[in-house]
Amino acid sequence: MPEPSPPRSPALLDSFGALGEFLVGSTRHRIARIDGLVTPRMPYTIRILLENLLRNEDGDRVTREQIQAVLGWGSRRSFAATVDVHPSRVFLHDTNGVPAFTDIAAMRDAMHVIGGDPAAVNPQIPSELVVDHSVIADVFGSSDAFGRNVELEYERNAERYRFLRWGQSSFCNFHIVPPGKGIMHQVNLERLARVVVHAEAGWAYPDLCVGTDSHTTMVNGVGVLGWGIGGIEAEAAMLGESLNMLLPPVVGVRLMGTLPDGSTATDLVLTITELLRGHGVVGKFVEFHGEGVRALSVPDRATIANMSPEFGSTCAYFPVDEETIRYLRFTGRMAEQVALVEAYAKAQCLWHRPESVADYTETIELDLGTVEPSLAGPHRPQDRVPLAETRRRFRAVLAETSPDADPDVALPPRPGGAGYELRHGAVGIAAITSCTNTSNPSVMVAAALVARNAARLGLRSKPWVKTTLSPGSRVVTDYLDAAGLTPFLEELGFHLTGYGCMTCIGASGPLVAEVQDAARNEELTVASVLSGNRNFAGRINPDVRQNYLASPPLVVAYAIAGTMDTDLLSDPLGHAPDGSPVFLGDVWPSPEEVARVMETAITPQMFTAAYRDVFEGDARWEGLEQEKGNRFGWDPESDYLRRPPFFDGMSSEPEPVEDIKGARVLVMLGDSTTTDHISPAGAIPANSPAGLYLRQRGVARSACNTYASRRGNHEVMVRGAFANVRLRNQLVPGVEGGYTASFAEDGGLRTVYDAAVAYRAAGIPLVVLGGALYGTGSSRDWAAKGPALLGVRAVLAESFERIHRSNLIGMGVLPLQYRPGQNARSLGLTGQEVFDIRGLADLVDSATVTVRADGREFDVIVRLDTDREREIYRHGGIMRLVLRRFQR
């Protein structure tokens, strides 16, 4: 597809001696040369930032001083410098893309009101959206599961899809990959990633991709510099705004050796996640280098890059090398494009040279030979558990969370039920899911071979296990079919359920009836095992209390075992029909067999066929009715799409920033509060504030759908803020779920939403108290939008995850951080105090403000790290800033 011409400043390029041209075949390309400006000791990611600044310097947003700061990268002074980066494209999915485009549609309405041209509000750079987050694993274990789940997807989401179709026809530079094509990051890796862009004006430059999903980093595995940003920030980027960021430190991870037999890329990424989360890489770039990189395929690298947000880094980059070129060619990229990538990378010093090591801010080493089979859980992806210790970990967590539970005692079979006994640790979900692992043929083939070997020995999945298969692209189905392995997966219940994120994002659907009843009525501790990237409490399924990340072959093994209360390395996996025990080693394939199947079953033609018509949908998609025109016609009766209120009452100029006085604490939360805790994505409980709102509007209990699907309706989402069923609010100890103490009334127990309504009626502003790593996890814009609409003015925490802090600022919510060594406990805060936050009018000149909580007074750090962030906060959020610019 054509790319818009980038801004360019030949005068500045010439002054740095950096304006150049080069030939690839018969095509001449203009480039901002960096080969004469960088040294071999500069990290590859910083080289890409340098090129971006050189090409976009305008003397206003991007300045000579920014370029000089990048050239001096590595000094203490450079890390205090901010730079304005211009992405080449923005990448979205449906559940974050719908609210992003409802905001932009509302901006068009606002432009109309002030007499401007609504069509002027339009994406300025290529913006691509993949519809992959809406399909739910309702039906499983049958040959018609895929077709029935797709039918349900369209029934539930037709209104949202019609809106996207309107956007597709109304906005320029906007392309949609319709449902059923695959998971966004695998589609990006296998088809959309350019690596090097060839623009219409003849420019060639690196494909710098930012996305509304934190796992946009997966494309780092193929040499694209990209990372996740909040939906709010993405809206601004689409509308032509630069991304203002501190010049980051870069952590170098040196890989050595090769993976041992029996260890997978999943085991490697879980090891790296544990290692880097422990080291601390939040707000930093990570680059992988060393001879060990050559031992990893692009899918292996992409598996690692995908989980960058789980270990906390901004990106996890693998430079372009011979393996990158082989992968691009194998996945069906045009020969001219592959040639451009290779020539450009070599000409611009972006080609990986293992012998040349950068002067990284910090260096970590990992011997791949030390990686062992592992899981991670039961609540965080960094909590790696060696396979041999999984049973012990399960029992320890069970004793901690359910002291009265006895894992050795079985619940009696339910009268009239299936007749089997259930014990604590029963695997309720075994899901081969997520872009993280289903993009990697080595682990998918291994899983299918485990299924084949187990089926031939007479083993089957346990009847209480919900088994699902949701690959990241149709290519997976094609090569499993070609290898003759699909029937064996189906024998164990792993029928195709859909091409989408599904279980990994909480769209897991209901459990088997007996298991669900036992979890709800008998407090049975149910587990899930999934090949995903996140396992936060309450994320996968509201009835599942322990969640473990694992490789696809281990997912199959646990489906057969049916319980977490087992040691797969020593206990039998199951028993053959003759009663003989079958162990994991009896069904585990050799690396040679996996490689042999991959070599014979996977062809370049599969990728070409799967993505030939990537932007064209099936008959259902193409048959959707859609509106025409520059402005969207909002339906006041809609339960999915409502005009957002973010521009209501907006003045032409920002109001003066005022202190926050008389605030109350809405919720008080501990460490590692995730964006899932703040704004859940899964099923909407019928008796929650959001569920009651929908039911009062005539929506059936069975049609409430998920929070993720309703993100275009602020009335639902504001009621879902802090409504996670596993939320633990310290204001109401011993209570689990979306509840708080309402000090606007009698201090009694209320839902968070009802308490916020009472505070609003009383004119009381709100704050949130958090611990370390507040806002970890997804790049969920509603984790900032929801609290903002509840009336939260500030969040005070020990530390923030990068994307969520940016989203808070983007919504005009002030992120405040305790001084080092301080936290709510050390300051004696209970959350029952009345808070005043003073000094906000001086934010331009001050890095701290004073907080008064009843009789205590202390200073806190203002996490507005750049002038740009202070400007956004002063405007009340980034979208108001952008609209005011359009007004001018």
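The following exercises, each with a worked solution, concern selected strands, helices and cavities of a predicted model.

Residues are numbered from 1 along each chain as its sequence is written. Because the model is predicted, local features need pLDDT of at least 70 and side-chain atom pairs count only at pLDDT 80 or more, whereas totals for chains, interfaces and linings use all residues; side-chain values use heavy atoms, with hydrogens and water left out.

**Exercise 1. The parallel sheet**

Determine the strand order of the open four-stranded sheet and identify which strands stand at its edges.

Solution. Strands (E, at least two residues) and helices (H or I, at least four) are DSSP runs numbered from the N terminus. Two strands pair if DSSP finds at least two bridges between them.

- Step 1. Strand 12 (residues 250-256) and strand 15 run parallel and are joined by six bridges; here Val251 has Glu362 as its bridge partner.
- Step 2. Strand 12 also pairs with strand 13 in the parallel sense, over five bridges, with Val253 partnered by Phe288 of strand 13. Between these two strands the chain passes through helix 8 (residues 265-279) in a right-handed β-α-β crossover (with the strands pointing away from the viewer, the path from the first strand over the helix to the second runs clockwise).
- Step 3. Strand 13 is joined in parallel to strand 14 by three bridges, and Glu287 has Tyr317 of strand 14 as its partner.
- Step 4. The order is therefore 14-13-12-15. Strand 14 (315-317) and strand 15 (362-367) each have a single partner strand, so one side of each lacks a neighbour in the sheet.

**Exercise 2. Enclosed elements**

Establish how many residues of strand 13 and of helix 9 are buried.

Solution. Buried means under 20% relative accessible area, exposed over 50%, and partly exposed in between (1.4 Å probe, protein chains only).

- Step 1. In strand 13 (residues 285-289), Phe285, Glu287 and His289 point one way and Val286 and Phe288 the other, and all are buried. Five of the five residues are thus buried, so strand 13 is largely enclosed by the rest of the structure.
- Step 2. In helix 9 (residues 298-306), nine of the nine residues are buried, so this helix is likewise largely enclosed by the rest of the structure. Among them are Asp300, Arg301 and Asn306.

**Exercise 3. An alternating strand**

Describe the two faces of strand 30 and its pairing.

Solution.

- Step 1. In strand 30 (residues 835-838), Phe835 and Ile837 point to one face and are buried, while Asp836 and Arg838 point to the other and are not.
- Step 2. Strand 24 (residues 660-668) pairs with strand 30 in the antiparallel sense over two bridges, and Ala663 stands opposite Phe835.
- Step 3. Strand 31 (residues 848-853) pairs with strand 30 in the antiparallel sense over four bridges, and Asp836 stands opposite Arg852.

**Exercise 4. The largest cavity**

State the volume of the largest cavity and name the lining residues closest to its centre.

Solution. On a 1 Å grid over the protein atoms alone, a cavity is a set of points where a 1.4 Å probe fits but cannot get out; lining residues have an atom within 4 Å of a point. Grid points are joined across faces, edges and corners, and a volume is the space filled by probe spheres set on the points.

- Step 1. The count comes to nine cavities of 30 Å³ or more, and the largest has a volume of about 210 Å³.
- Step 2. Of the 24 residues that line the largest cavity, His93, His133, Asp213, Ile505 and Arg539 are the closest to its centre.
- Step 3. Helix 4 (94-113) and helix 6 (184-192) each supply at least two residues of this lining.

Conventions:
1 Å grid on protein atoms, 1.4 Å probe; cavity = no way out; pocket = protein on both sides within 12 Å on 5 of 7 lines; lining within 4 Å.
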